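User: I am new to reading structures and would like to know how the terms are justified. Please go through them with me.
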Amino acid sequence: MVKLVIDGQQVEVEEGLSVLEAAKKIGIEIPTLCYHKALTPYGACRVCTVEIIRKEWSRLSAACTYPVQQGIEVKTNSEKVRKARKLILELLLARCSTVKPIQDLAKKMGVEKIRFPQEDKKCILCGLCVRVCEEVVGASAIGFANRGVERKPTAPFEIQSDACIGCGACAMVCPTGVIKIEDIEDKRKIDRWHTELERAKCKMCGRYFFPQATIDYLKKKGAEKVKNLLELCPDCRRDALIDKLNQVKYESNLVTTT
Amino acid sequence: MGKIKTLKQLEDFQDSLVKKRDPNKLCITVCGGTGCRAYAWEELIRAFEAEIEKQGLKEKIDIRITGCHGFCERGPLVVTHPQRIFYQQVRASDVAEIISETLLNNKVVERLLYIDPVKNEKAIHEDEVNFYRKQQRLIFGNNGKIDPTDITDYIALGGYTGLGKVLTSMSPEQVIEEIIRSGLRGRGGGGFPTGRKWLYCRQAKGDTKYVICNADEGDPGAYMDRSLLEGNPHSVLEGMIIGAYAIGAGEGYVYVRNEYPLAVKHIKIAIEQAEGYGFLGENILDSGFSFSVKINRGGGAFVCGESTALMVSLEGRVGEPRAKHIHTVESGLWERPTNLNNVETWANVPLIIAKGAEWYSKIGTKESKGTKIFSLVGKINNTGLVEVPMGITLREIIYDIGGGIPGGKKFKAVQTGGPSGGCIPESMLDLPVDFEELTKVGSMMGSGGMIVMDEDTCMVDVAKYFLSFLQDESCGKCTSCREGIKQMLQILTRITQGKGKEGDIELLEELSEVVRDTSLCALGQTAPNPVLTTIRYFRNEYEAHIKDKKCPAKVCRDLITYTIDEEKCTGCMRCLKECPQQAIVGERKKPHRILQEKCIKCGICYESCRFDAVKVE
């Protein structure tokens, strides 16, 4: 266990936690954009900047990547922190002036006007899409291309990637909604990655549902046991599961009655 | 020669090499550094070979292509032996004379000697050239003596005896202790104590450990690591092997940028030769210690010089930094304990082992020991690589070694530490150069770039230049670096265009502070340095741009106008003909006039006028 002080409160947490997680445990919310509890901390947005005082030496650091250390003091809302967060949000807002979550957070941080030329980019470069694709899905179909202000998440060479299974996890974690999935009849399109995949037909109702590539990928990943369920659309799968559960209940009733 | 298995064998081999070499044998050494190779160098080498062949002197005269001598301004450099005559700017047409006069008749070819631009004195030997006089070339000195592609040249000068000593008589702990006592600090920029880094890596848990040589030098104008790898690759390699032994690493990598083809070639040859002699591979010098080195060629991203980005890139992924709260000595390459040092740091190691920590720690200042190689470039008479003891003043480097500013111009500032360094003004020229002193004035040691600027340099324009470099090279991962640098650059651009506003300086300062304090890696954390130091020391220039819409150095095109002084203009029509925009009108022998609406302010008229009639305001 590690003892530290967060905003004046003595805290004891297990080793290996980040300052962000430790703060959360005692109910202190630190704003984040690129953090997701299912993913490795990345430290890209810098919105979770806090002040860390260690051996009388104060510095700013991203809370999501800073591991808790014995004896440190964390200030999540000092003037220094507020000033830094406010400017970071102003910079992000200048880049993405119409993105709602950025507008909201900027307002919360006290950004009243933007002193920089404004652009209307929709991607805040949090990297959640890239990381979910690599760490959770395991497909690594997208990554970052270019450097600096030109940086953007994309499929290699900006053409459809064979590795993209069209699962849509990227769109699900995207905080700005810039990654759009379009399901049109037998096709699934994710324009941002130039993905266009065939959708499978439900074995029961005949409706198009998931991309065949997603189903094949899940089978390959070991979902062989539930193979039959994978070939059903979500609605039919639910029905099939209910049927199965009913059977179980019936059997268990049998046991109790005899 | 097969593998060397014992220290005795190494010493015997060394003796035999020294005995075999006749110190009076006639020899021509030609600098083979990239700088010299840029001046009709191949032609020169061919001319030497042909002339020796023609005169039937093949047995009598050797030619040796050596590493970089550092005085790149005056290349190609040739030194004759045993006379030690130092010739500069040698052309193929000089070859016959050098051979017949100097080598065969011991006479000096006067016109090829270096003439001091200030004192107008000729220097016959290398050490008489002012450029070299105040240098202390401990790391760089052997460059000019050896053929970097021949390991025996290195061995003959005592090479690999440090390794022999370490493997036969020192424990890893003793080696680390020696490096700690020497006071050596990382030459890549951070200045972290090398011995302590090694100790932490040795203490880190894990059986597999790595050492890395960071040769991803990317600062504009800096090329000392390149010259070391090109000119004395075995010194770097020997340092790495000693370090690996001390740390307990079995594998090493040299991460070198692919834009350095000669460095890549020479380190590759060096590794092969070291393997051949048994300095690399299994059971080195029968000590039970095994170590191998691989080369990884970088793609040229500046950020890959940052240690965590370099390691990620080495793993085959996109080079971008990660937070370093868990140090790379604990979890680095492939999440194993990894010790990374810069080229120059590694090259210091054999020297410390050979001469001892005590000797080494006497050189330099209290906190910064040894020497440092700087690449002295910009508005300076003697451009080149200089190795000086820590603590030497900037004035000594710029005036005594560098020979001052060309064309009688006034010194304005020196930028140290690469693009993220700071600009130091004239009032601080007596600053002793070491890690702490440079940081105190807002700059840094960095990897050793030193760019000299004269009175014709606009400091706002300089800040803009470095920020534009950093904007291009930022990986873009973290918001503060990516967006912060971009906005700073836009403000600086506006100021140089005459669109600066009241409050711009304060906004630049505010951005600088946040970018410095909240960026993920050192690239962003130090990026504001050029802005902050130019504001600190040259605030009046910023104000002149913003308030008066004037560029005092007359650099920023939007803020200057070219006019012709009617009194001085003779009507020679020279500027009129040279102007690419046909913006100058007038008749022969009558004063010309510049049409402002057509003028693009390229300055060609100003440079072409022989009567000083073109004015810039």
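Analyst: In this predicted model, strand 7 of chain B is covered on both faces. On one side B:Tyr210, B:Ile212 and B:Asn214 are buried, and on the other B:Val211, B:Cys213 and B:Ala215 are buried.

User: Why is strand 7 of chain B called largely enclosed?

Analyst: A residue is buried if its relative accessible area is under 20%. Six of the six residues of strand 7, residues 210-215, are buried, so the strand is largely enclosed by the rest of the structure.

User: What makes strand 7 of chain B and strand 8 of chain B a pair?

Analyst: Two strands pair if at least two bridges are found between them. Strand 7 and strand 8 (residues 251-257) of chain B have six bridges, in the parallel sense, so they meet the rule for a pair. One of the partners can be named: B:Ala215 has B:Val256 in strand 8 as its bridge partner. Strand 7 of chain B also pairs with strand 10 (residues 338-342) of chain B, in the parallel sense over five bridges. There B:Cys213 stands opposite B:Asn341.

User: How do you know that strand 15 of chain B is largely enclosed?

Analyst: The reasoning is by burial again. Six of the six residues of strand 15, residues 449-454, are buried, so this strand of chain B is largely enclosed by the rest of the structure. Its two faces are made up of B:Gly449, B:Ile451 and B:Met453 on one side and B:Met450, B:Val452 and B:Asp454 on the other.

User: Which strands pair with strand 15 of chain B, and in which sense?

Analyst: Strand 11 (residues 371-378) of chain B pairs with strand 15 in the parallel sense over four bridges, with B:Leu376 opposite B:Met450. Strand 13 (residues 411-416) of chain B is joined to strand 15 by five bridges and runs antiparallel to it; B:Val414 stands opposite B:Val452.

User: Why is the meeting of B:Glu513 and A:Lys83 called a salt bridge?

Analyst: The rule asks for a side-chain nitrogen of Lys or Arg within 4 Å of a carboxyl oxygen of Asp or Glu. For B:Glu513 and A:Lys83 the N to O distance is 3.4 Å, so the pair satisfies the cut-off. Six salt bridges are found across the interface of chain B and chain A. On the side of chain B that touches chain A, helices 18 (459-473), 19 (479-496) and 20 (504-518) each give two or more residues. Helix 19 gives the largest share, nine residues.

Note on methods. Residues numbered from 1 in each chain as written. Chains lettered and ligands numbered in written order. Predicted model: local features only at pLDDT ≥ 70, side-chain atom pairs only at ≥ 80, totals over all residues. Heavy atoms only, no water. Buried < 20%, exposed > 50% of the residue type's maximum accessible area, 1.4 Å probe, protein only.
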